[in-house]
Amino acid sequence: MLIERLIPKKDESQKHKVTILLTRYGDPFSKFIKLMSRCDFTHASICVDEDEETFYSFNLKGFVEEHWKNKKSKHLMPERAYIRFYVTEEAHEKLKKSIEAFNERKSELTYSPFGTILCLFRIPSYFKNRYFCSRFIAEILHSSGAYELKRKASLYLPVHFFKEFI
């Protein structure tokens, strides 16, 4: 299943494309997330480049760069959704700076499986320097002004982007 959705520009000031990619792995933790969230998508990553070469996210390795073109993994499932939307120059620059700041601090940042579990049970949380994929994306979208959150960043799962944008 491949879903592609381009959200139309609201006005001419929105010139820069942002892509959220939703995927799913077949590992036990992803299966647990799928069961609890009742959605095929268990992982989210974000790209701020037009060519969609480099996506950023959190996984068990911490803050990571992901290159999805031609990616093969025995755990990667075929379900994918690309959500593409446009942001202003200001929001785009803030998104890029946020990603750069995460990249500069990546040795201090870790993945938070406990934060993910709390999110599944709709319990807001905050753990310093600990993120999961959708919380990271929600935070940088909100702090950049690119997207107004409908819930706290710690309560976003990949399925929420899917429901809100599609």
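**Talking through a predicted model**

Trainee: I see that L35 lies in helix α1, which covers residues 28-37. This is a predicted model, right? Then let me ask: is L35 buried or exposed?

Mentor: Yes, the model is predicted. Exposed takes over 50% relative accessible area. L35 has 63%, so L35 is exposed.

Trainee: Which residues form a nonpolar patch on the surface with L35?

Mentor: We just saw that L35 is exposed. The patch it belongs to has about 380 Å² of accessible area together. The partners of L35 there are M36, F121 and I123.

Trainee: S30 is found in helix α1 too. Which residues does S30 touch, leaving out those up to four places away in sequence?

Mentor: S30 has a relative accessibility of just 7%, so S30 counts as buried. Once residues up to four places away in sequence are set aside, S30 touches Y25 and T42.

Trainee: Over to L2, in strand β1 (residues 2-6). How far apart are the C-alpha atoms of L2 and A81?

Mentor: Along the chain, L2 and A81 are 79 residues apart. L2 is also in contact with R80 and Y82. In space, the C-alpha atoms of L2 and A81 are separated by 5.7 Å.

Trainee: How many disulfides does the structure hold?

Mentor: Let's check a couple of cysteines. The sulfur of C47 has its closest cysteine sulfur in C133, 16 Å away, which is too far for a bond. For the sulfur of C133, the closest is in C119 at 9.3 Å, again too far, because a disulfide needs the sulfurs within 2.5 Å. The number of disulfides in the structure is zero.

Trainee: C133 is in α4, isn't it? How many of the 12 residues of α4 are buried?

Mentor: Yes, C133 is one of the buried residues in α4, with a relative accessible area of 6%. Others include F136, I137 and L141. Helix α4 is mostly covered, and its buried residues number nine.

Trainee: What does helix α4 reach from its first C-alpha to its last?

Mentor: Helix α4 runs over residues 133-144. At 1.5 Å a residue, you'd expect 16 Å. The model comes close to that, with 17 Å.

Trainee: Now the charged pairs. Which residue forms a salt bridge with K17?

Mentor: Side chains of opposite charge can pair when their charged atoms come close. For K17, the closest N and O atoms of the pair are 3.4 Å apart. K17 lies in strand β2 and its partner in the loop between β3 and β4, so the pair ties together parts that are 35 residues apart in sequence. The partner of K17 is E52.

Trainee: Are K17 and E52 buried or exposed?

Mentor: The two also belong to a network of salt bridges that links them with E4 and R84. As for cover, K17 and E52 are both buried.

Trainee: Which residue meets E164 in a salt bridge?

Mentor: The N to O distance in this pair is 2.9 Å. E164 lies in helix α5 and its partner in the loop between α4 and α5, so the pair ties together parts that are 13 residues apart in sequence. E164 has 21% relative accessibility, so it counts as partly exposed. The partner of E164 is R151.

Trainee: Last one: how many salt bridges does a search of the whole structure find?

Mentor: Another example is E93 with K96, at 3.3 Å from N to O. Those two lie in helix α2, three residues apart, about one turn of the helix. For the whole structure, the search finds a total of nine.

Methods
Residues numbered from 1 in each chain as written. Predicted model: local features only at pLDDT ≥ 70, side-chain atom pairs only at ≥ 80, totals over all residues. Heavy atoms only, no water. Patch = residues over 30% accessible without salt bridge, like charges linked within 9 Å, V, L, I, M, F, W, Y side chains within 5 Å. Areas by Shrake-Rupley, 256 points an atom, 1.4 Å probe, with all protein chains shown as cover. Salt bridge = Lys/Arg side-chain N within 4 Å of Asp/Glu carboxyl O. Helix = DSSP H or I, 4+ residues; strand = E, 2+ residues; numbered from the N terminus. Buried < 20%, exposed > 50% of the residue type's maximum accessible area, 1.4 Å probe, protein only. Expected span 1.5 Å × (residues − 1). Contact = heavy atoms within 4.5 Å.
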